[in-house]
Amino acid sequence: KGSYRATVDDLGAGLPQCSALLVPRREDAPEVLHAQARWLQGLFGERAAVAAELLMHADDSLLVERLDALAAATGIDIAAAGDVLMHLRSRKAVQDTLTAIRLRTPVADCGYALARNAEQHLRSRLRLAQLHRLEWLAAAVRIAARCRFSLDELRYEYPSELVPAGHTPISWLRVLTQQGAAQERYPQGVPPAVAAQLERELALIEELRYEPFFLTVHDVVRFARGRGILCQGRGSAANSAVCYCLGITEVDPTQTTLLFERFISRERREPPDIDVDFEHERREEVIQYIYGKYGIGRCALAAALSTYRARGAVRDVGRALGLDDHPGGPIDAVARSVHWFDDVQRLQRGLQEAGLDAQSLVVRQWMSLVGTLQGFPRHLSQHVGGFVIARDSLSRLVPIENAAMPERRVIQWDKDDLESLGLLKVDVLALGMLSCIRRALAFMTLWHGRPWRMQDIPREDAATYDMACRADTVGVFQIESRAQMSML
């Protein structure tokens, strides 16, 4: 469920083509290292090796003696390794700062948690040849040559259970689209222009092989509507007649001029993006439906990568350097003086306002590290609702970890990287305004004595337009910001 533990049986049965590299702990006794090496040999045979990490530590010679004895006793390969943490030696200060931030401890108090020196960088082949034996370097090259995996090999496939027997994905999508058009949207007859638009869209969807994606979104929307959960598709998906006939959106193609290429384009080759909002109070029901239908092993939420901006970097680096962190102290004063869009030059004025000497060593280190960390990854967070659903085990495609919320799992790759690799996500979003609309529809039903649905709301209500033109839109989704009010 998002964590990984390989037992002896797992390694022997599930990873027959993998190479295994044992990284010995220097504090372990020789007999422990020998036992681990023999165990690894028994599972991986010639694909097992032991890493030699020579990092200019005082006990490097003792490690070499142990590796020589191990190779003589077991015949296992010894391979050169570097335990690399940074690309350049000069990044040691950045590495130490990031370690201190991770441990929430000032650098001065981190002790042995910091690397002993700056050797854990990408060293040149000449430098490696001066440290390692040629046979150790050759073993490392052999292991690297066996690692032929490429991200191009990932082949994502949609769930197959959405297509009933006797149908292909495109034939079933056509059936559902035609049913929605004839029975729900145009019971008096599908207008010829809409029929032509549907045919054009379906042909392009089939050509680009996106039909399973539409079936997946339709299945989620069908469940929500069956449970009385208000939902609504938005964004570029509103430019699709297929989405309208499937009940994903409420934009009638006869009432507007659609630009379907804004949604799906043969030339751009970008995956379709359908954002479906659900009542925020009931979205969890939809999420649990997805987990229940596909199983926790086949679906997970995408991640969103948070990066450092000026203010966060000022605070984290300041704490790592042990600067005063009480309210009103230098960290707080400088952080409050900048915004995410400010550059490092603006920080200099913040230092003056905080009464700090910009030329002191610690302040110069602080500002240099802040400038370096801006744009660095800070942490992974859970995407607001982007699900990736696989035909088989999702962990065979992407790495997964447990989310902070119980019974939730998060893919460890950023959502944009997932799209680049063709792993399309289904966005299941929460919207408070839909909860308000649901209550309004319930009131209308009570008032008029008949059911009111989303499509029963008048499309051209003059009072609503007048309210919007007055910028009386506080709390109205998508037109409530100051910029939108000014535009209105």
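**A seven-strand sheet, its packing and its cores**

In this predicted model, 7 strands form an open sheet with mixed pairing, in the order E4-E5-E10-E7-E6-E9-E8. Strands here are DSSP runs (E, at least two residues), as are helices (H or I, at least four residues), and both are numbered from the N terminus; two strands pair if DSSP finds at least two bridges between them. The edges are held by strand E4 (231–234) and strand E8 (400–402), each with a single partner strand, so one side of each has no neighbour in the sheet. From one strand to the next, the twist averages 45 degrees. E8 runs antiparallel to strand E9 (residues 409–414), and 3 bridges join them; Asn402, for instance, has Arg409 of E9 as its bridge partner.

Helix H9 packs on this sheet, touching E4, strand E5 (275–279), strand E7 (377–389) and E10. Its direction makes about 15 degrees with that of E5, where axes are lines fitted to C-alpha atoms, for helices over the stretch in contact, and angles run from 0 to 180 degrees between N-to-C directions.

Turning to the interior, the largest nonpolar core has 66 residues, and Phe214, Ile264 and Phe387 are among those with the most contacts inside it. Such a core is a set of buried Ala, Val, Leu, Ile, Met, Phe, Trp, Tyr and Cys residues joined through side-chain atoms within 4.5 Å; buried means under 20% relative accessible area, exposed over 50%, and partly exposed in between (1.4 Å probe, protein chains only). Helix H9 (residues 211–226) gives the largest share of this core, 8 residues. Apart from this core lies another, of 21 residues, including Val94 and Val334. Beyond its neighbours within four places in sequence, Phe214 is in contact (heavy atoms within 4.5 Å) with Leu173, Val242, Phe263 and Ile274, among others.

A lysine is worth a look too. Lys425 lies in the loop between helix H16 (415–420) and strand E10 (426–431), yet is buried, with a relative accessible area of 10%. Leaving aside neighbours within four places in sequence, its contacts include Phe213, His383, Phe387 and Glu419. Gly385, 40 residues away in sequence, is 9.2 Å from Lys425, C-alpha to C-alpha.

Finally, the count of disulfides (cysteine sulfur atoms within 2.5 Å) comes to 0. For Cys18, the nearest cysteine sulfur is that of Cys147, 8.8 Å away.

Residues are numbered from 1 along each chain as its sequence is written. Local features need pLDDT of at least 70 and side-chain atom pairs count only at pLDDT 80 or more, totals for chains, interfaces and linings use all residues, and side-chain values use heavy atoms, with hydrogens and water left out.
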